[in-house]
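Reader: I am in my first year and still learning to read structures, so could you take one part of this model and go through it slowly with me? I would like to look closely at the place where the metal is held, and then at what lies around it.

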Amino acid sequence: MLILFEKDYTKAQLEHVMEKVKATGCEPHLVHGLFKVTINIIGDDTRLDPEIFKSYEGVEDVIAVSKPFPLVGREFKPEDTVVRTHNVTFGPNHFVVIAGPCAVESEEQTLRIARAVKKAGAQILRGGAFKPRSSPYAFQGMGVEGLKILDIARKETGMPVITELLDVRDLDDICNYADIIQIGTRNMSNFSLLKEVGKTRKPVMLKRGMLATIDEWLMAAEYIYHEGNTQVILCERGIRSFDSKYTRNIVDLSAIPVIKHLSHLPISVDPSHATGRRDAVGPMTLAALAAGANSVMIDVHDDAESALCDGAQAITPHLFEGIMAGIRNLSKALGKELT
Ligand code: PEP
Ligand code: MN
């Protein structure tokens, strides 16, 4: 059970409730988020009557929690969360297409691709300025220079921008230049980083850890939400499995309905990083849309052979136009708006 306090609770009210919890034989565990102060009840809480606790001054709500992610769970908030950035809406009846290069490589490359994906109908531009590479010798991204290029592309095309945060020291720069903060698969369990993005009010896209269970992924989202940032989008990007001969990861499409059942947060799918191969991007995009995803994020490059990162999965702007046509047809059939 979780006891949530009102914003303007007093210390005396909190102490009173703590004492009452102890009197039931349970251990109260105080959690200070920016957004909410909560008491997590440790122990057998069957002797604790939620209605009585709800009536105490300073208490906003008492929620029975059967899951380890109370705030991002449906029990806490049955209606879908809508995440907005500028004129783009992640939520029910909407489908958001994010597209762009895996990495920002130069101003010319980013502008060319940004114009092409915008023309084809993408709503948000992606591009990594800080790249999490398996090898320390691989291209690590352009850093703040890359963020400035994304900003130029954003101003020219009017598309909001998403980019990955790797290091908390870059948080201010990313907040200055980007519209959505991306937390990559490798950092899903970087809890101190999650807490820091939770303190901002920027939308965050939280990718699923490549080895994370759905519960672990939602608990990671809980870290962000608990700090007060409710603008969280989940992103399924494939998980590791025994067969990695033909695809980079296994796209867990069933995570989409499962997440919809467990959580109120919107969910996106990254078919590019999930499969690692360009011929799979189109089919997996349409499958994600059909399965109920609120968005997809696609790697597009106009010169994939010389891409500095993940060229094998990048699709050309021409192929992207074809995928957009498929998305339009299918979303019309499903009654979803492309916004
Ligand atoms: C990316 O989107 O650029 C990326 C590195 O993705 P992931 O964290 O899913 O590997
Ligand atoms: Mn990549």
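**The metal site and its surroundings**

Author: Histidine 273 is a good place to begin, and in this predicted model it is buried, with a relative accessible area of 8%, which means that it falls below the limit of 20% under which a residue counts as buried. This histidine is one of the protein donors of the manganese ion, ligand 2, and the full set is made up of Cys102 through its SG atom, His273 through NE2 and Asp310 through OD, at distances of 1.9 to 2.2 Å from the ion. Read along the chain, these donors follow the spacing C-x170-H-x36-D. Histidine 273 sits in helix 9, residues 271-275, while aspartate 310 belongs to the loop between strand 14 (295-299) and helix 11 (317-334), so the pair ties together parts that are 37 residues apart in sequence. Aspartate 310 counts as partly exposed, because its relative accessibility is 21%, and exposed residues are those over 50% while buried ones are under 20%.

The same histidine leads us on to the other ligand, since His273 is also among the residues that surround ligand 1. Its companions in that shell are Arg126, Lys131, Pro132, Glu164, Gln182, Gly184, Thr185, Arg186, Lys207, Arg237 and Asp270. Sorted by class, the shell holds one nonpolar, four polar and seven charged residues. Particular atom pairs can be picked out as well: an oxygen atom of ligand 1 is 2.8 Å from an N or O atom in the side chain of arginine 126, and the distance from an oxygen atom of the ligand to an N or O atom in the side chain of lysine 131 is likewise 2.8 Å. For arginine 186, the corresponding distance between an oxygen atom of ligand 1 and a side-chain N or O atom is 3.2 Å. Taken alone, ligand 1 would expose 290 Å², and the protein buries 97% of that area.

With the ligands in place, it helps to look at some polar contacts between side chains. Aspartate 279 is found in helix 10, residues 278-291, and its side chain makes a polar contact of 2.8 Å with the side chain of arginine 277. Measuring by C-alpha atoms is not needed for that contact, but it is useful for a wider view, in which aspartate 279 and arginine 74 are 36 Å apart in space and 205 residues apart in sequence. Aspartate 252 offers another case, placed in the loop between strand 12 (232-236) and helix 8 (255-262), where it is buried with a relative accessible area of 14%. The side chain of aspartate 252 makes a polar contact with the side chain of arginine 208, at 2.8 Å.Helix 7 and the loop before it show how burial can vary. Tryptophan 217 is found in helix 7 and counts as buried, because its relative accessibility is 0%. From C-alpha to C-alpha, tryptophan 217 and methionine 188 are 7.3 Å apart in space, with their positions 29 residues apart in sequence. Leucine 211, placed in the loop between strand 11 (204-207) and helix 7 (214-226), is exposed, with a relative accessible area of 70%.

Two residues with a particular backbone angle can be added to the picture. Histidine 86 has a positive phi of about 50° although it is not a glycine, and this residue lies in the loop between strand 5 (83-85) and strand 6 (88-90), where it counts as exposed at 60% relative accessibility. Asparagine 93, which is not a glycine either, has a positive phi of about 65°; its place is in the loop between strand 6 and strand 7 (96-100), and it is exposed, with a relative accessible area of 51%.

Finally, for the chain as a whole, the domain assignment gives domain 1 (2-63) and domain 2 (83-338), and the C-alpha centres of these domains lie 38 Å apart.

Technical notes:
Residues are numbered from 1 along each chain as its sequence is written. Chains are lettered from A and ligands numbered from 1 in the order in which they are written. This is a predicted model: local features need pLDDT of at least 70, side-chain atom pairs count only at pLDDT 80 or more; totals for chains, interfaces and linings use all residues. Side-chain values use heavy atoms; hydrogens and water are left out. Domain bounds come from an automatic or database domain assignment. A residue is near a molecule or strand if one of its heavy atoms lies within 4 Å of it. A polar contact is a pair of N or O atoms within 3.5 Å; within protein, one must be able to donate a hydrogen and the other to accept it, and residues adjacent in sequence count only if both atoms are side-chain atoms. Accessible areas come from the Shrake-Rupley method with a 1.4 Å probe; for residues, only the protein chains shown count as cover. Ala, Val, Leu, Ile, Met, Phe, Trp, Tyr, Cys and Pro count as nonpolar, Asp, Glu, Lys and Arg as charged, and the others, Gly among them, as polar. Donors are N, O and S atoms within 2.8 Å of the metal (3.2 Å for Na, K and Ca); water is not among the atoms, so sites may look incomplete. Helices (H or I, at least four residues) and strands (E, at least two) are DSSP runs, numbered from the N terminus. Buried means under 20% relative accessible area, exposed over 50%, partly exposed in between (1.4 Å probe, protein chains only).
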